Structure formats: C-alpha cells, structure tokens
Number of protein chains: 2
Amino acid sequence: MITIALDAMGGDHAPRAEVEGAVLAARELDVRIHLVGIEAALKQELGRHRHRGLPIEIVNATEVVTMSDSPAHAFRRKKDSSLHVAARLVRDGKADALVSTGNTGAVMTVARFVLGMLPSVDRPALAGAFPNMKEKISVILDVGANVDSKAEQIEQFAVMGEIYYRSIWGVKRPRIALLSIGEEEMKGNEVTRETFNLLKQSTLNFVGNVEGRDVFRGDVDVIVCDGFIGNIALKISEGLVEHIGGMLKKAIKSSLKSQIGYALSKKAFDDFRARTNYSEVGGAPLLGVRGVTVIGHGRSNPVAIKNAMRVAAELFRSRVNEKIDQELSAVAVAARG
Amino acid sequence: MITIALDAMGGDHAPRAEVEGAVLAARELDVRIHLVGIEAALKQELGRHRHRGLPIEIVNATEVVTMSDSPAHAFRRKKDSSLHVAARLVRDGKADALVSTGNTGAVMTVARFVLGMLPSVDRPALAGAFPNMKEKISVILDVGANVDSKAEQIEQFAVMGEIYYRSIWGVKRPRIALLSIGEEEMKGNEVTRETFNLLKQSTLNFVGNVEGRDVFRGDVDVIVCDGFIGNIALKISEGLVEHIGGMLKKAIKSSLKSQIGYALSKKAFDDFRARTNYSEVGGAPLLGVRGVTVIGHGRSNPVAIKNAMRVAAELFRSRVNEKIDQELSAVAVAARG
C-alpha cells in the first residue's frame, strides 16, 4: 500500500479541508496517510469524522508555514513545520509521496532542497492541468517553478511532461507542443526558437508550436514553456474563469425572467462550473525532484485534496521518477556521445 | 475633419465587413474615409449601401496581403497592396490614421517601416484592451509587436500606455503595473526585476507588480510586459472565452429544462456575450510609430471596424503621438543628465 505524507496545515481551509480530504482518500483510495501538523488540532478535526480503522496516522509538527512566508524563510526558519516534517518522511523512506496545498513557493523550495533533485534533472517543473474542449486534459509545464529557463531545460520539461502524461492519462505517444506566438518555427523569442530546434531533433512526438488560443483546443497533450510564461498562462486562466463567472451571475440577476431561467438551467450551470474549476483536477506535480510531490491549490476543498492524493499515488505506482531519470540520463549520454 | 485610410481588404470578411464598417463610421463619426483596395470589389460592396453624400472615397490598390503572407513578404513583395497604399496615404499626409483588420504581423511591419518610428521611441508596442470586473478597460502592452524586450523598452511601453489611456479614457493619473508572477518587487524574471526598478524611479503612477489573475480585477489601468508574454496573455484569454462559451452551450443543450431556462435568460446571455467579445473594444493601437495606426481583429464585424476607426480618430484628435514623443524625449534628456 502506498503511503502519503499530507501537509495538513497548508491550505486556506487547513486543517479542516485537509483532514476531511484525508478521510475521503483513506476510504476511497488504496492509500495510507500520514497526517502531518499540530497534533491537537488534527485530533480534534479527525474526531468530526468516523475514522476508526482507517489507515490515517497523525504525525506531530510544531510550526506552520503561512501564505505570506517567503520560500527562503519557510525553508530555513521553519524546520519543524508540517511541510518540512512531511518532506522528511518522504526523504527518509517513511512515506512514498508528499502532498501539500500550502504556499506553492515554499513547497517547491522545501521539496527541492529536502528531497533533492533527480540526478539527471537540471531544474524541477510544476505541471499544471488545463481542461480542454475535447473534455480531456492538456498539461502545461513549467507553470512557475523556474524563470529564465534555457532551451535545454525546457527540453527536459518536455521529457518529464511526456512521461507524466503517459503515466496518468494512459496515452502512449502524447503530442508535445511548445507555447509560442505563432505556429511557424521562426515565430517566438530567442529561447523558444532554440527549444523548437532541440525538440525537433528529439525522439518525442513533437508537433510544433501552439499559440495561447490553442491551449484549450485539445489538439495537443503536453505544452512546454518557461515557468514565467506558464505561470502567467495559469493565473490568467484562473482570473478569467472567475471574471466570467461573476459577469454571468450579474447578468442573470438583472431580471426576474432570467432568474427563473437560471433556476431551470441550474444543473447545466453546476456542470459547467465543475468543469471550469481548475482545482478539481487534483493538483500539480512538481516533476524532477527525488520523491513524488503534488501541490494542490490553496483554496482546495476536501475533494480536490483527495484528488491530489490520487494523483500522487498514481505517480508513485507508475514509477514516474525512475522513468524520468532513466530517459533523461539516456538523453544526456546521447548528447555527450 | 479627420481622414482615415482604411485597408479594406485585410480582415476575414473583407471587403464586405470593411465597407459596411466604413459606411457606419461615415454616418456616425466625424470622419472622412479613404477606402483602400481592389476598386471593382469595393464599388460593388459600396453599392449595397446608401452612401451618396457620405465622405467615403475609394483608393485603388491592386494587391492583397493574406493571413498566410509572412510580414517580410508582405512588406517587400506586395508594395501595391491595400495595406501599403493605405500606409503611404498616412506617410504622405493624405490621411491622418491607418486602420487595418489584416494580418497583424504584416500591418505592424508595414506601419513600422513605411511610417517610421517616432524619434524618441525605441520599439513600437501593440496595446490590447481587456474588459475588467469593474466594467472598465485595462490596457496591456505590448501584446505582440516585440519579443525579448529590454527593461528600458518596457519602461517606454509604460509611458506610451499611460498617454494612450489618459487620452482615450480620460483618467488623469492612470495606474501603471508590471505583469509578473508575484506582487513583491523580487518576484519575476531578470527583465521584470530590472523594469520594476526603472518604473519605481519614474514619475509614472506605478503601483507595482500584478499577477495574471489580477489582470481582470480592474485595480490597475495599464499593464506592461514583453510582447511575447502579452501575446500569450491575449490569446489565452480569447481561447478561454471561446472555450467557456462552447461548454456553456453544450451544458445548456443537455436537457429540455435547461433549454427553457436558456430561452428565459437569453437577454442576460446576450449581454454577457457582448461583454466578453474582445473585438467590440475596437482594435489595438500600435503605439510609437509616426502616424496613428489601429489594428482590428481579423474576425471583426462592421461594428468592430467602426469602433477601430473611432479609436483612431480619438488618438489623432488627442495628439497622442506628439505627447509620446515629447514625454519620451524628456525622459531621455533626464537619463542623460
């Protein structure tokens, strides 16, 4: 059975949402959970659920990383935080995967430096999942672990993204694309033109550049870019979904007739909302570190937290890290050869 | 009266939409229009409207730039295209502003090299308008005229954007922000950190970094970034609006009850659609070139084309180019001093 170390103090609704998510995961998934955080608070929350016999164990941690802590501060000054303790459980082999809905920058830093990097990986990449028009998922990476990435690093993101997509969505030859500002090879900036050249020569199923508007089209599976770009893409999407939701609500409230209309079509809207809810997808893995790490949105509800644990378990089960290290070592050998 | 040179062969629905847009503009705005393109086609389209007495004059051009022409090809090999002829009318003082809904890359290249740059401007910038939650407009620039911009160039975008926003939306001290991946000064990549430093020291009303999700919040008026980033932001937004519209349609069609609901709330939806229709805003000005240039979306309908002409007329009337040149000369003098 897979063991997950859950940082139970990280999210905006911690530890309540985390504890409920852990209970759901322990019931529905084949996982054992180390619930890491302030023991008294966790015991109290756990007491709200029927948990007897569930494979959940509380691991005490005396500190909490907050959303306003800088990654450096969280890493250096809060060594007994739930995040650090959870990461050390993975490092020491007592858990197979780390899941946190905390401060993304802090989780990335702690994971990177407590767990360390896979030997063949230059930089870790955060892989965000975007629901697309084909009702599938397109993965974009990096969505914020790095800035100013070099072409060789973005090529590594492509290899990691390919293995991740294959493992989680069962697609044998995921279509890989490069995010740019035009389809032609020449379009883009210096780094994307160099990256295009590397990807073209690789053994990946590279289909070329995609533009921002193609991200949701579902014609490609994995989209690579520098983390600054990917983060802007992710946050713009989240902001726009929120904005459109708000406009829709306001438009509907503007007349009695449309309120009746809304009541009649409520189910359709609920479906729609569920599908634009990016956190439902279940968190973004931080690929390239030594140990499975999945970061959920700070606003995750218990279902999203359970889904993040499901993704973590699948990543461990399908040996994604071993595959990444093998393939990138082979690429490195080929490059030297 | 202001004279506009309209490239009537550029858009996806050219010349029909352009001619109808010109008729609307001639009726509703205080402008004279040079309708530039294949004379026979324009005459025929114009014949579909009551146009006697309207200040519209056809100017013949024998070639057409297509969406698949490379900017270089369009610029060097199609000197008698409607785009070139319209640009030359502005260069030669026969028109005050250039409006095109054609191939964006080609329009930018032709405008830049036929009209030339304002002496104090290093690079032109395309300013995209984003409707925000406060029911106002936030302008992002550059949305694709440049890639790999330097900090000093992005600072110029801020000055140009400020003047544009002030002139068109009448806000005295527009709030200027830098698009980045965190609010703190230290967040971002090398270029944004340098740009932050320059903007902090400027006389602009600089309010700091904004993240992707804040773009729609309406707390800032002008958002600056490199053109690669801005183009991704714009295209992602367009793609997502289309995607959400599609999902909504599908969700509603899924049951009879929600179809009735939809019929009852139709007006609300129409309002909503109009407000998420980015082309309604009326085209993006290319700031920094010598001569007012406004680029509309290729899919512009006649109303959008009229709106692009309205924006062009306002830019000319408020002497945006003179102001840009003055302020940037002053900045350059101060920097040397």
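Reader: Why is Glu238(A) called buried or exposed in this model?

Author: In this predicted model, Glu238(A) has a relative accessibility of 12%. Buried means under 20%, so Glu238(A) counts as buried.

Reader: What makes the contact between Glu238(A) and Arg213(B) a salt bridge?

Author: The closest N and O atoms of the two residues are 3.0 Å apart. The cut-off is within 4 Å, and therefore the pair qualifies as a salt bridge. The pair crosses between chains, with Glu238(A) in helix H8 (residues 227-253) of chain A and Arg213(B) in the loop between strand S8 (206-210) and strand S9 (222-224) of chain B.

Reader: How do you know whether Arg213(B) is buried or exposed?

Author: The relative accessibility of Arg213(B) is 14%. Because the limit for buried is under 20%, Arg213(B) counts as buried.

Reader: Which salt bridge do Arg213(B) and Glu242(A) form, and what supports the term?

Author: Their side chains meet at 2.3 Å, N to O. The definition asks for a distance within 4 Å, so the term salt bridge applies. This pair also crosses between chains, from the loop between S8 and S9 of chain B to helix H8 of chain A.

Reader: Why is Glu242(A) described as partly exposed?

Author: Glu242(A) has a relative accessible area of 32%. Partly exposed lies between the limits of under 20% for buried and over 50% for exposed, so Glu242(A) belongs to that class.

Reader: What makes Lys134(A) and Asp219(A) a salt bridge?

Author: Their closest N and O atoms are 2.7 Å apart, and the pair therefore meets the requirement of within 4 Å.

Technical notes. Residues are numbered from 1 along each chain as its sequence is written. Chains are lettered from A and ligands numbered from 1 in the order in which they are written. This is a predicted model: local features need pLDDT of at least 70, side-chain atom pairs count only at pLDDT 80 or more; totals for chains, interfaces and linings use all residues. Side-chain values use heavy atoms; hydrogens and water are left out. Helices (H or I, at least four residues) and strands (E, at least two) are DSSP runs, numbered from the N terminus. Buried means under 20% relative accessible area, exposed over 50%, partly exposed in between (1.4 Å probe, protein chains only).
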